[in-house]
Amino acid sequence: MNQSAPDTLKPCNKCGSRAELIKSGSRRYWVQCTRYAGNGNCNAIGAQADNKKEAIHNWNSTR
């Protein structure tokens, strides 16, 4: 089996800012733009997932 490094988050495709992984509860993850909550300037948010890897994949696949 191929042991690759964990997926890295791509920058936001709307504004280019750094993305962050968010965890809520025991099995709810998503990725959002760092400008989403902090400044309210960007509304990019990825689909929710049951694990980190899937959330990162959802975010990166739309980029």
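Reader: What covers the buried residues of H2, and what makes a residue "buried"?

Author: The cover includes E1 and E2, with contact meaning heavy atoms within 4.5 Å. Buried means under 20% relative accessible area, exposed means over 50%, and partly exposed is in between (1.4 Å probe, protein chains only). By that rule, the buried residues of H2 are Ala55, Ile56, Asn58, Trp59 and Asn60.

Reader: And what makes something a helix or a strand?

Author: Both are DSSP runs, numbered from the N terminus: helices are H or I with at least four residues, strands are E with at least two. Bear in mind that this is a predicted model, where local features need pLDDT of at least 70 and side-chain atom pairs count only at pLDDT 80 or more, while totals for chains, interfaces and linings use all residues. Residues are numbered from 1 along each chain as its sequence is written, and side-chain values use heavy atoms, with hydrogens and water left out.

Reader: Why is Asn58 called buried?

Author: Asn58 has a relative accessible area of 18%, and the cut-off is under 20%, so the label fits. Leaving out residues up to four places away in sequence, Asn58 touches Ala47, Gln48 and Ala49.

Reader: Why does Ala47 count as partly exposed, then?

Author: Its relative accessibility is 44%, so Ala47 falls between the 20% and 50% limits. Ala47 sits in the loop between H1 (34-38) and H2 (52-61). Apart from neighbours within four places in sequence, Ala47 is in contact with Tyr29, Trp30 and Asn58.

Reader: What makes a group of residues a nonpolar core, and which residues form the largest one?

Author: You need buried Ala, Val, Leu, Ile, Met, Phe, Trp, Tyr and Cys residues joined through side-chain atoms within 4.5 Å. The largest has eleven residues, among them Cys12, Tyr29, Val31, Ala55, Ile56 and Trp59. E2 and H2 each supply at least two residues of this core. In general, nonpolar side chains in soluble globular proteins tend to be buried together.

Reader: How do you know that Tyr29 is buried?

Author: At 9% relative accessibility, Tyr29 counts as buried, given the limit of under 20%. Tyr29 is in strand E2. Tyr29 and Ala55 are 26 residues apart in sequence, yet their C-alpha atoms are 6.0 Å apart in space.

Reader: Why is the pair Asp50 and Arg27 called a salt bridge?

Author: A salt bridge is a side-chain nitrogen of Lys or Arg within 4 Å of a carboxyl oxygen of Asp or Glu. The N to O distance for Asp50 and Arg27 is 3.2 Å, so the pair qualifies. The structure holds one salt bridge. Asp50 lies in the loop between H1 and H2, and Arg27 in the loop between E1 (19-23) and E2 (29-33), so the pair ties together parts 23 residues apart in sequence. Arg27 is exposed at 53% relative accessibility, while Asp50 is partly exposed at 42%.

Reader: How many disulfides are there, and how do you know that Cys12 is in none?

Author: The count comes to zero. A disulfide is a pair of cysteine sulfur atoms within 2.5 Å. For Cys12, the nearest cysteine sulfur is that of Cys42, 3.7 Å away, so the pair misses the cut-off. For Cys15, the nearest is that of Cys33, at 3.5 Å, so that pair misses too.
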